Amino acid sequence: MSAPPIPFVGLCKAEWTKIRGRGLAWAVLLFGLMHGLVGPGMIWGVLAVGHELGAGETDPVDFLVGADTALYLAVFPVNGFALLLLACILWAEDYSLGTMAMIFVRPVARWKVFAAKAAVAWGVGVVSLLLATVLGALFGILLLGFSGDIGMLGSAPVVGWMVDVPEDAFATAAASNSLPLGDPMGLLGRMGWIAARLGTCALILAPAVAVAALVAQVTRSPVLTLFGSLVVFVVDGFAWAIGSAWGASSLDYNELAGTLAEWTILGSRRGLFRANMDGAIGDLWPSGVLTLAYTVAFGALALWMFNRRDVT
Amino acid sequence: MRGLTRAYGSHVVVRDLELDVDPGDIYGFLGPNGAGKTTTMRMVLGLIHSDAGSVSIFGEADPVAARRHLGGIVEGPRFYPYLTGVANLRVFAAYSGGVTEERIQSLLEMVRLGERQTDPVKTYSLGMRQRLGVAQALLGAPKLLLLDEPMNGLDPAGVRELRDLILRLKEEEQLTVFISSHILKEIEGLCTRVGIIQDGRKVAEGSADELLEDGESLEDCFLRLTGGVHGGQIR
């Protein structure tokens with residue numbers, strides 16, 4: 001008699017049940033929703049203050065600006081905090097509770113269990129970002145309206161990609177003492193770009209899952225996994241900050257330091273985000289490839305340990 | 001098991017161990033503390049790797065395939081305390097494959113947890129957890145059930161309940177049971193065959209009739225074979 005297959009979807013459902021039971025999955029999703037409210041709310045607040053201070057009555061934003069801002073605000077907190085917690089629960093808590101042994105005595109290949117845990121941790125993070133973006137758009141309709149004069153956004157950070165600003169716009173602006181205006185992308189085009197940005201943000205989340213998975217195999221403790229993963233990212237963040245400061249300094253410019261900063265985990269992910277913001281697909285190298293490489297390297301090492309190590 | 005060996009550093013915990021468990025046996029696996037029982041069971045269950053030797057279960061030598069015939073608990077059942085009893089079984093069922101909701105419900109009834117299935121496991125007594133542990137081990141309808149010290153910490157009523165459950169499983173599910181325990185009186189009344197190890201080596205194997213001398217209890221036999229009694233005194 002052939003043995004019944006073990007569906008991957010079933011394994012994912014089991015992992016989802018664990019984090020849902022802990023309430024953590026809902027917390028991560030609420031975290032995304034919260035950013036969906038904060039993004040448009042923040043822009044609305046800034047505009048309201050601007051109007052109070054005597055800025056013109058022109059409305060330079062619309063709901064998609066709210067959606068994009070919500071995504072921008074959500075991606076690094078979701079990646080840095082919520083996702084690490086999820087990964088800690090999914091890997092390290094199974095070790096600390098002793099339930100990993102109860103799983104490994106079953107006729108399921110360990111790599112499948114590993115893949116289900118990774119898929120659920122990453123998937124919840126991506127859904128959290130999706131919720132931030134969608135709620136940002138919906139809340140944006142209420143607060144910011146369906147349409148706006150977004151041609152004024154050409155010089156704005158984060159959402160400036162929505163406007164095609166002429167190359168000499170800044171010179172013109174300096175001469176005429178007015179903000180540069182550009183040709184805004186169409187509504188559907190901007191929606192497409194936001195969807196693409198969501199895709200690259202999903203890739204930005206992946207190294208966090210891989211690092212937490214690896215640290216969990218080493219420590220087998222939820223607290224140490226969280227602490228160890230944070231240490232990895234803090235050290236990486238320092239390396240990025242020092243490298244980029246040194247690399248950007250006009251007094252003591254060091255090209256190598258700047259390049260190394262770009263090649264840190266944080267640097268590559270920031271580069272990936274920036275490339276996406278500018279709509280510059282060409283800039284996905286090296287950022288996108290490096291982000292993927294970090295994910296594969298940490299993930300492969302974690303999987304190797306997951307497969308090989310004894311459960312005592 | 002053939003030539004099963006495992007060392008931690010220079011300390012050999014299980015050495016060239018050979019055991020045969022026949023289908024339908026309730027096999028008592030005995031040994032003093034540190035004899036290598038749990039390490040052996042962990043190797044059979046695929047939780048730790050052996051340095052040498054092999055385990056074949058109902059003809060399957062491939063570890064993943066062999067585990068289709070296997071259910072077990074090592075060093076006490078472990079659960080997600082914040083999930084209910086039935087949710088825990090559903091989670092573990094996903095890793096077994098092909099387990100129906102009817103099977104889960106029938107196992108909960110079998111171990112008499114049907115009425116408490118929707119309570120979180122953290123509210124269960126030790127005896128209830130042991131019974132839920134047996135239920136989870138049976139999810140994949142195994143042919144062989146491995147139980148490591150299942151009676152540890154149970155009160156006399158719990159021990160009797162578990163013993164009756166094991167005997168019922170042997171009859172109803174045609175199970176072969178491989179069980180380690182320090183409660184030798186229970187093993188004596190439960191097992192059809194016994195294997196005794198010491199320092200990672202097998203020192204005796206056979207039915208009670210084959211191992212016991214005239215009027216000897218299993219406890220006396222165990223102490224005699226493991227050197228636990230010297231000149232009538234326990235060392």
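On the surface of chain A, five residues come together as a nonpolar patch: Leu130(A), Val134(A), Leu138(A), Ile141(A) and Phe146(A). Together they have about 440 Å² of accessible area. To find the patch, look for Leu138(A), which is part of helix α5 of chain A, residues 110-144. Keep in mind as you explore that this is a predicted model.

Stay with that helix for a moment and turn to charged side chains. Which residue forms a salt bridge with Lys117(A)? The partner is Glu15(A), and the closest N and O atoms of the pair are 3.1 Å apart. Glu15(A) belongs to helix α1 of chain A (residues 8-21), while Lys117(A) sits in helix α5 of chain A, so this contact ties together parts that are 102 residues apart in sequence. A search of the whole structure finds 20 salt bridges over all chains.

Now move across to chain B and its strands. Start with β1(B), residues 2-8, and β2(B), residues 11-17, which pair in the antiparallel sense over four bridges. Within this pairing, Leu4(B) stands opposite Leu17(B). The two strands form a hairpin with two residues between them, and Gly9(B) in the turn has a positive phi of about 65°.

Strand β1(B) also pairs with β4(B), residues 52-54; these two run antiparallel and are joined by two bridges. Here you can match up Arg2(B) with its bridge partner, Ser54(B).

Further along chain B you will meet another hairpin, made by β8(B) and β9(B), again with two residues between the strands. In its turn, Asp199(B) has a positive phi of about 50°. Five bridges join β8(B), residues 193-198, to β9(B), residues 201-206, and the strands run antiparallel. If you pick out Ile196(B), its bridge partner in β9(B) is Ala204(B).

Finally, let us look for empty space inside the model. Rolling a probe the size of a water molecule over the atoms shows where such space is left. How many cavities of 30 Å³ or more does a search of the whole structure find? The search finds one, and the largest cavity holds about 30 Å³ of space. Its lining consists of Gly127(B), Gln130(B), Arg131(B), Leu154(B), Gly158(B), Glu161(B) and Leu162(B). Two elements of chain B each give two or more residues to this lining: α5 (126-137) and α6 (156-172). By character, the lining residues divide into two nonpolar, three polar and two charged.

Conventions:
Residues are numbered from 1 along each chain as its sequence is written. Chains are lettered from A and ligands numbered from 1 in the order in which they are written. This is a predicted model: local features need pLDDT of at least 70, side-chain atom pairs count only at pLDDT 80 or more; totals for chains, interfaces and linings use all residues. Side-chain values use heavy atoms; hydrogens and water are left out. Two strands pair if DSSP finds at least two bridges between them. Patches are made of residues with over 30% relative accessible area and no salt bridge: like charges are joined within 9 Å, nonpolar side chains (Val, Leu, Ile, Met, Phe, Trp, Tyr) within 5 Å. Accessible areas come from the Shrake-Rupley method with a 1.4 Å probe; for residues, only the protein chains shown count as cover. A salt bridge is a side-chain nitrogen of Lys or Arg within 4 Å of a carboxyl oxygen of Asp or Glu. On a 1 Å grid over the protein atoms alone, a cavity is a set of points where a 1.4 Å probe fits but cannot get out, and a pocket is an open set with protein on both sides within 12 Å along at least five of seven lines; lining residues have an atom within 4 Å of a point. Grid points are joined across faces, edges and corners, and a volume is the space filled by probe spheres set on the points. Ala, Val, Leu, Ile, Met, Phe, Trp, Tyr, Cys and Pro count as nonpolar, Asp, Glu, Lys and Arg as charged, and the others, Gly among them, as polar.
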